[in-house]
Amino acid sequence: MNKILIAFSAMFCLLSFNLALAADFNAAETYTTSCHGCHGLDGSISASGIESFKGKSAADLEKMLVGYQDGTYGGQGKMVMTGLVKPFSAEELKALGEYMAKM
Ligand code: HEC
């Protein structure tokens, strides 16, 4: 019985740790500090001729960000974005995509 309890509490600890890690990344804050200068606070400024983010889905935005990171997406100005998305994890890029889709 004790072993089961210990296993359960260990699992719970791991779970809450994971949730805490995910919550540590604040997409809104990241966007405001790292992205709004070129794209605008509401995503409506189109940097170097790209369309604004408005109306794009979270999945599409995430795909673009991941693409910049692995070099499979981008236009003439992609060097700028490739450098910018480098430090983010896949989950963080997903969170950024979700945030931008709601702007
Ligand atoms: C220094 C200016 C600059 C900053 C800061 C910047 N971007 Fe960009 N962004 C660009 C440029 C230029 C492009 C067009 C690149 C290309 O030619 O593919 C672009 C393109 C994009 C695209 C693709 C849009 C499309 O329709 O193809 C996304 C998504 C994006 N940026 C998200 C972000 C996010 C998220 C951040 C913050 C982490 C960010 N950008 C910060 C300049 C910037």
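Helices are DSSP runs of at least four residues, numbered from the N terminus. The structure treated in these exercises is a predicted model.

**Exercise 1.** Determine where glutamine 76 lies and whether glutamine 76 counts as buried or exposed.

*Solution.* Begin with the position along the chain: glutamine 76 is found in the loop that runs between H4 and H5. Next, consider its surroundings. A residue is exposed if 12 or fewer other C-beta atoms lie within 10 Å of its own. Glutamine 76 has 9 C-beta neighbours inside 10 Å and therefore counts as exposed. Finally, take a position elsewhere in the chain: glycine 49 is 27 residues apart from glutamine 76 along the chain, and 9.6 Å separates their C-alpha atoms.

**Exercise 2.** Describe the shell of residues around the ligand, stating which elements contribute to it.

*Solution.* First, the count: the ligand is surrounded by 21 residues, of which Cys35, Cys38, Gly74, Gly75 and Gly77 are the closest. Two or more residues of this shell come from each of helix H3 (36-39), H4 and H5. The element that gives the most is H5, with four residues. Sorted by class, the shell comprises eleven nonpolar, eight polar and two charged residues.

**Exercise 3.** Compare the span of helix H6 with its expected span, and identify the helices against which its buried residues pack.

*Solution.* Helix H6 covers residues 90-101, twelve residues in total. From first C-alpha to last it reaches 17 Å, close to the expected 16 Å at 1.5 Å a residue. Its buried residues are Leu93, Ala95, Leu96, Gly97, Tyr99 and Met100. These buried residues pack against helix H2 (27-34), helix H4 (58-70) and helix H5 (78-85).

Technical notes. Residues numbered from 1 in each chain as written. Predicted model: local features only at pLDDT ≥ 70, side-chain atom pairs only at ≥ 80, totals over all residues. Expected span 1.5 Å × (residues − 1). Buried ≥ 20, exposed ≤ 12 C-beta atoms within 10 Å, placed from the backbone. Contact = placed C-beta atoms within 7 Å. Near = placed C-beta within 6 Å. Nonpolar A, V, L, I, M, F, W, Y, C, P; charged D, E, K, R; others polar.
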